[in-house]
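Visitor: Got a minute to go through a model with me? I'd like to ask about cysteines, then the sheet.

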Amino acid sequence: MAPTPGGNRRTRIHVVSDVHGNARDLARAGDGADALICLGDLVLFLDYADHSRGIFPDLFGTENADRLVELRTARRFAEAREFGARLWAGVGMDRLGVIEKAVRKQYAELFAAFPTPTYATYGNVDMPPLWAEYAGPGTTVLDGERVEIGGRVFGFVGGGLRTPMRTPYEISDEEYAAKVEAVGEVDVLCTHIPPDVPDLVYDTVARRFERGSRALLDAIRRTRPRYALFGHVHQPLVRRMRIGATECVNVGHFAGSGRPWALEW
């Protein structure tokens, strides 16, 4: 990085979220930056833009993936679960074992693509117990914790809140709020899900409100970080807005864009 006119070296951070299997672009995401931040959702279970990609179509085919997306998009979650259960019963496979094996394959490729240093937290579709096996010495995993990067304090809160989708890392509102409280006052607040603001949680393609955190919104108003960075909502109504003194930024659906968001100071 070039020094500033006063002689001080500038710091540049690249931020990604919702990687969903895009290891190719992830391997380049840290180019030109002092560090990479990843806000989770590494796993690709089912690509809603291309139903032939992901763990589900690999196991059950694109036609069944089309049907599952149709049911979920229509918010017929109970029918979607019943449909999935029938598919699993029909093949007689150990569901958890098969999914874990597929996730491990993705994690091996994705964690190998992380540059050094990387600071990462979990998304709602991730499997936290596996991360310690794949995160190398250059990757720091944080959840309800803080770290200093380039003289600024970054706080990390991973996971999502409980929904009818029942993704792997959904937790209670109380547990999530406790992690937000543990982070405290920071310069940059990094989370997987957004604060609970309608414009930030509405997905214009899925045509539904995703779950955002009220505790996160309250913390932003109370502690006034410079930035609140998040992902989770792939096609938000609004990608960027201010809440008081805080610039809130959806850092993008990296699986689709392949481009990190940059923060420099």
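Visitor: Is Cys190 buried or exposed?

Guide: Cys190 is buried, at 0% relative accessible area (buried means under 20%, exposed over 50%, partly exposed in between, with a 1.4 Å probe and protein chains only). This is a predicted model, where local features need pLDDT of at least 70, side-chain atom pairs count only at pLDDT 80 or more, and totals for chains, interfaces and linings use all residues. Residues are numbered from 1 along each chain as its sequence is written, and side-chain values use heavy atoms, leaving out hydrogens and water.

Visitor: How many disulfides does the structure hold?

Guide: Zero, a disulfide being a pair of cysteine sulfur atoms within 2.5 Å.

Visitor: Why no bond for Cys190?

Guide: Because its closest cysteine sulfur, in Cys38, is 11 Å away, too far for a bond.

Visitor: And what about Cys248?

Guide: The sulfur of Cys248 is also too far for a bond, as the closest cysteine sulfur, in Cys190, is 12 Å off. Cys248 is buried, at 0% relative accessibility.

Visitor: Switching to the sheet: what's the strand order?

Guide: The order is 5-6-9-12-14-13, an open sheet of six strands with mixed pairing. Strands are DSSP runs of E, at least two residues, numbered from the N terminus, and two strands pair if DSSP finds at least two bridges between them.

Visitor: Which strands stand at the edges?

Guide: Strand 5 (145-149) and strand 13 (240-243); each has a single partner strand, so one side of each lacks a neighbour in the sheet.

Visitor: In what sense do strands 6 and 9 pair?

Guide: Parallel, over four bridges, between residues 152-157 and residues 188-191. Gly155 has Leu189 in strand 9 as its bridge partner.
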